[in-house]
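Reader: I would like a close look at one part of this model. Please take the packing around a single side chain, then work outwards to its surroundings.

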Amino acid sequence: MEWTGGCLCGAIRYRSTTDPFWAGHCHCTSCQRWTGSAAFTGAFFAPEELEWTRGEPKFYQSSKSVQRSFCPNCASPLGFHRAEHHVGVTAGSRMT
């Protein structure tokens, strides 16, 4: 299955040709604060399985081992990046 998505304004787009290895929710306080909701809902891929096809997101180091990505134009939250281990994308950014 192909996964595509991006931000609200269209400046940033991503693509994966594989299914995520995990999809679900995280309700830690860091994810709650990042999303402004009760939980982060998203899907996780190996870093080499997800590519940015248009634009580049900005990154924020939210903890020692985690970066969060967002669009510098519209501020849409896009991803959750943990070193070389995995990259997650927000469920709300996915398009069909």
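Author: Contact here means heavy atoms within 4.5 Å. This is a predicted model, in which local features need pLDDT of at least 70, side-chain atom pairs count only at pLDDT 80 or more, and totals for chains, interfaces and linings use all residues. Residues are numbered from 1 along each chain as its sequence is written, and side-chain values use heavy atoms, with hydrogens and water left out.

Start with Tyr14. Neighbours within four places in sequence are set aside. Tyr14 then contacts Trp3, Thr4, Gly5 and Gly6. It also contacts Leu50, Glu51, Trp52 and Thr53. Val89, Thr90, Ser93 and Arg94 complete the list.

Tyr14 belongs to the largest nonpolar core. Such a core is a set of buried Ala, Val, Leu, Ile, Met, Phe, Trp, Tyr and Cys residues joined through side-chain atoms within 4.5 Å. Buried means under 20% relative accessible area, exposed over 50%, and partly exposed in between, with a 1.4 Å probe and protein chains only. The core has seven residues in all: Trp3, Tyr14, Ala43, Phe45, Leu50, Val87 and Val89. Strands β4 (40-45) and β9 (86-90) are the elements that give two or more residues to this core. Helices (H or I, at least four residues) and strands (E, at least two) are DSSP runs, numbered from the N terminus. A second, separate core has six residues, including Trp34, Phe44, Val66 and Phe80.

Now the sheets. Two strands pair if DSSP finds at least two bridges between them. One open sheet has four strands in the order β5-β2-β1-β10, with antiparallel pairing. Its edges are β5 (51-54) and β10 (94-95); each has a single partner strand, so one side of each is left without a neighbour in the sheet. Two bridges join β1 (residues 3-6) to β10, and the two run antiparallel. Gly5 stands opposite Arg94 in β10. Both Gly5 and Arg94 are also contacts of Tyr14.

Another open sheet has six strands, ordered β3-β4-β9-β8-β7-β6, again with antiparallel pairing. The edge strands β3 (22-26) and β6 (58-61) each pair on one side only. Inside the order, β7 (residues 66-70) and β8 (residues 77-82) run antiparallel and are joined by five bridges. Ser69 stands opposite Gly79 in β8.

One last residue: His86, in strand β9. His86 counts as buried because its relative accessibility is 17%. Beyond residues up to four places away in sequence, His86 touches Phe21, Phe44, Phe45, Pro47, Phe80 and His81.
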